[in-house]
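Here are a few exercises to work through with the model open in your viewer. Try each one before reading its solution.

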Amino acid sequence: MSLYIKQLLAGRDFAKADSFARQMANFVYLIGDTEQRVCMVVDPAWDIPGIIEFAEKEDMRLIGALVTHYHPDHIGGDIFGHSITGLAELISIRPVKVHVNEVESAGVKQVSGLSESDIAKHKGGDDISIGNVRVRLLHTPGHTPGSQCFLADSALISGDTLFIGGCGRVDLPGGNPEQMYHSLTQVLARLPEDTLLFPGHNYAAKEVSTIGDEKKDNYYLRIGSLEDWKSLMGSSE
Ligand SMILES: [Fe+2]
């Protein structure tokens, strides 16, 4: 497998002059095939020309976009009085397909301004090929109804479902504690322990973890019952 994966931190590796980007600490990823030199961008936002320029410098051709979920800090849109650039600018520069979970498609269109023809809708379990690299789409609702994670070889890009030492909020519109509990304990915790974890935000002391380390250290993967989970999530991120 010729997996290519790059982790870019908004406000540091691109969008360097954007203090709000620094504050939000989103990771954007390029994932693809080192041999065929093609990649897709995961959650393009904040500084689209900067992301495209990074891919070009790496000699990687951008052939698509993958969306973990519809929040504006991941796909562009308005949040906290700020307007973030994202998918709409990307496809105006590079008209590529945007791959979303079918449940998330309406929200993605509404938040980003994309139209139906820009979007490729997927079900959980679908595979996407990027050159010879295969990416499995895991439907992991909880943070939003159509949140998805991307699994390629032994790398997982987890969006705002699983963070290093934490998990995504379930108290925002569309959030669902019960679904989050299921996604974490029945889907992500069942991945091989050596799976590398690439989260959607830089909220921890390290930027990459493994499923094995998170099963040891991440409290949210250790909660034994849905009842305990619900009482915890009622008052926390
Ligand atoms: Fe989010």
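**Exercise 1.** Place Ala 15 in the fold, then check its phi and its burial.

*Solution.* Start with the location: Ala 15 sits in the loop between strand S1 (3-9) and helix H1 (19-24). Helices (H or I, at least four residues) and strands (E, at least two) are DSSP runs, numbered from the N terminus. Residues are numbered from 1 along each chain as its sequence is written. This is a predicted model, where local features need pLDDT of at least 70, side-chain atom pairs count only at pLDDT 80 or more, and totals for chains, interfaces and linings use all residues.

Next, the backbone: Ala 15 has a positive phi of about 50°, though it isn't a glycine. Most residues other than glycine have a negative phi.

Last, burial. A residue is buried if 20 or more other C-beta atoms lie within 10 Å of its own, exposed if 12 or fewer, and partly exposed in between, with C-beta atoms placed from the backbone. Ala 15 has 26 C-beta neighbours inside 10 Å, so it counts as buried.

**Exercise 2.** Do the same for Asp 43: which loop holds it, and is it buried or exposed?

*Solution.* Asp 43 lies in the loop between strand S3 (38-42) and helix H2 (48-57). Its phi is near 55°, a positive value in a residue other than glycine. Asp 43 is buried because it has 27 C-beta neighbours inside 10 Å.

**Exercise 3.** Describe how strands S9 and S10 are joined.

*Solution.* Two strands pair if DSSP finds at least two bridges between them. Here four bridges join S9 (residues 127-130) to S10 (residues 133-139), and the strands run antiparallel. Ile 128 stands opposite Val 135 in S10. The two strands form a hairpin with two residues between them, and Gly 131 in the turn has a positive phi of about 60°.

**Exercise 4.** Which residues touch the most other members of the largest nonpolar core?

*Solution.* First, the rule: a nonpolar core is a set of buried Ala, Val, Leu, Ile, Met, Phe, Trp, Tyr and Cys residues joined through C-beta atoms within 7 Å. The largest one has 66 residues, and Val 28, Tyr 29, Ile 31, Cys 39, Val 42 and Phe 150 touch the most other members.

Now zoom in on Tyr 29. Leaving out residues up to four places away in sequence, Tyr 29 touches Ile 5, Lys 6, Gln 7, Val 42, Ile 157 and Phe 198; contact means C-beta atoms, placed from the backbone, within 7 Å.

Technical notes
Two residues are in contact if their C-beta atoms, placed from the backbone, lie within 7 Å.
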